[in-house]
Amino acid sequence: MKIYLKPTCITCRRAVTELDRLKLDVQKRDIFKDKLTESEIKKIIQLTGIKPRDLIRKKDKMFKELHLDDSRFTDSQIIKILSEHPGLIRRPIVFAKNKILIGKFDSKELKH
């Protein structure tokens, strides 16, 4: 199992605590030290069936600074921006056996 996270993020820390409680072997990746590439972001989007815009954290200050609420951005542009500004990516991203969970999740979702 893999988890992409920001170590200081409360939601990420809760997720790691829960995964540890379940005694799951987890490979952690700090997406601020080891940024996601555009192709990795595309793969996450493809596997989850979401739109690139759905991966954006709207509470991040860069969301307003970059005017990402403007619909003129293409999917490719959003993916490029996410690869350059990891703070904009919803987190954590958990790769379970047959699914990807993004953001807050219930540990019961890992068992299916």
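Student: In this predicted model, how much area does the protein chain expose, and what share of it do carbon and sulfur atoms supply?
Tutor: In the predicted model, the exposed surface of the protein chain comes to about 7200 Å². Of that area, the part supplied by carbon and sulfur atoms is 49%.

Student: How many positive and negative side chains does the protein chain have, and how far apart do the centres of the two sets lie?
Tutor: The protein chain carries 28 positive side chains and 16 negative ones. When the centre of each set is located, the distance between the two centres is 4 Å.

Student: In what order do the helices and strands of the protein chain run?
Tutor: There are 4 helices and 4 strands to place along the protein chain. Read from the N terminus on, their order is β-α-β-α-α-α-β-β.

Student: Why can the protein chain be called as compact as a globular protein of its length?
Tutor: For 112 residues the globule rule gives 13 Å, and the radius of gyration of the protein chain is close to that value, so the chain is as compact as a globular protein of that length. Along its principal axes, the C-alpha trace spans about 45 × 25 × 20 Å. The radius of gyration itself is 14 Å.

Student: Which residues touch the most other members of the largest nonpolar core, and which helix gives the most to it?
Tutor: This core holds 22 residues, and those that touch the most other members are Leu-36, Ile-41, Leu-82, Leu-88, Ile-89 and Ile-93. Two or more residues come from each of helix 2 (38–48), helix 3 (61–65), helix 4 (75–84), strand 3 (93–95) and strand 4 (100–102). With 4 residues, the element that gives the most is helix 4.

Student: How many residues does the second, separate core have?
Tutor: Leu-5, Val-16, Leu-19 and Val-26 are among the members of this second core, which is separate. Its number of residues is 13.

Student: Which residues does Leu-88 touch, leaving aside those up to four places away in sequence?
Tutor: With those sequence neighbours left out, the contacts of Leu-88 include Leu-55, Ile-56, Arg-57, Asp-60 and Met-62. The list continues with Phe-63, Leu-66, Leu-68, Ile-81 and Leu-82.

Student: Which peptide bond is cis, and where does its proline lie?
Tutor: The bond from Arg-91 to Pro-92 is cis, and its omega is near -5°. As for its place in the chain, Pro-92 belongs to the loop between helix 4 and strand 3.

Student: Is Lys-23, with its positive phi, buried or exposed?
Tutor: Lys-23 is a residue other than glycine, yet its phi is positive, near 55°. Lys-23 is found in the loop between helix 1 (10–21) and strand 2 (27–30). Its relative accessible area is 75%, and the cut-off for this class is over 50%, so Lys-23 is exposed.

Student: Where is His-67, and what is its relative accessibility?
Tutor: His-67, in the loop between helix 3 and helix 4, likewise has a positive phi near 55°. His-67 counts as partly exposed, and its relative accessibility is 47%.

Student: Which residues does Phe-32 touch, not counting residues up to four places away in sequence?
Tutor: Phe-32 sits in the loop between strand 2 and helix 2, where it is partly exposed with a relative accessible area of 32%. Apart from residues up to four places away in sequence, Phe-32 touches Lys-6, Pro-86, Gly-87 and Arg-91.

Terms used: Residues are numbered from 1 along each chain as its sequence is written. This is a predicted model: local features need pLDDT of at least 70, side-chain atom pairs count only at pLDDT 80 or more; totals for chains, interfaces and linings use all residues. Side-chain values use heavy atoms; hydrogens and water are left out. The radius of gyration is taken over C-alpha atoms; the globule rule is 2.2 Å times the number of residues to the power 0.38. Accessible areas come from the Shrake-Rupley method with a 1.4 Å probe; for residues, only the protein chains shown count as cover. Lys and Arg count as positive and Asp and Glu as negative; His and the chain ends are not counted. The place of a charge is taken as NZ of Lys, CZ of Arg, CG of Asp or CD of Glu. A nonpolar core is a set of buried Ala, Val, Leu, Ile, Met, Phe, Trp, Tyr and Cys residues joined through side-chain atoms within 4.5 Å. Buried means under 20% relative accessible area, exposed over 50%, partly exposed in between (1.4 Å probe, protein chains only). Contact means heavy atoms within 4.5 Å.
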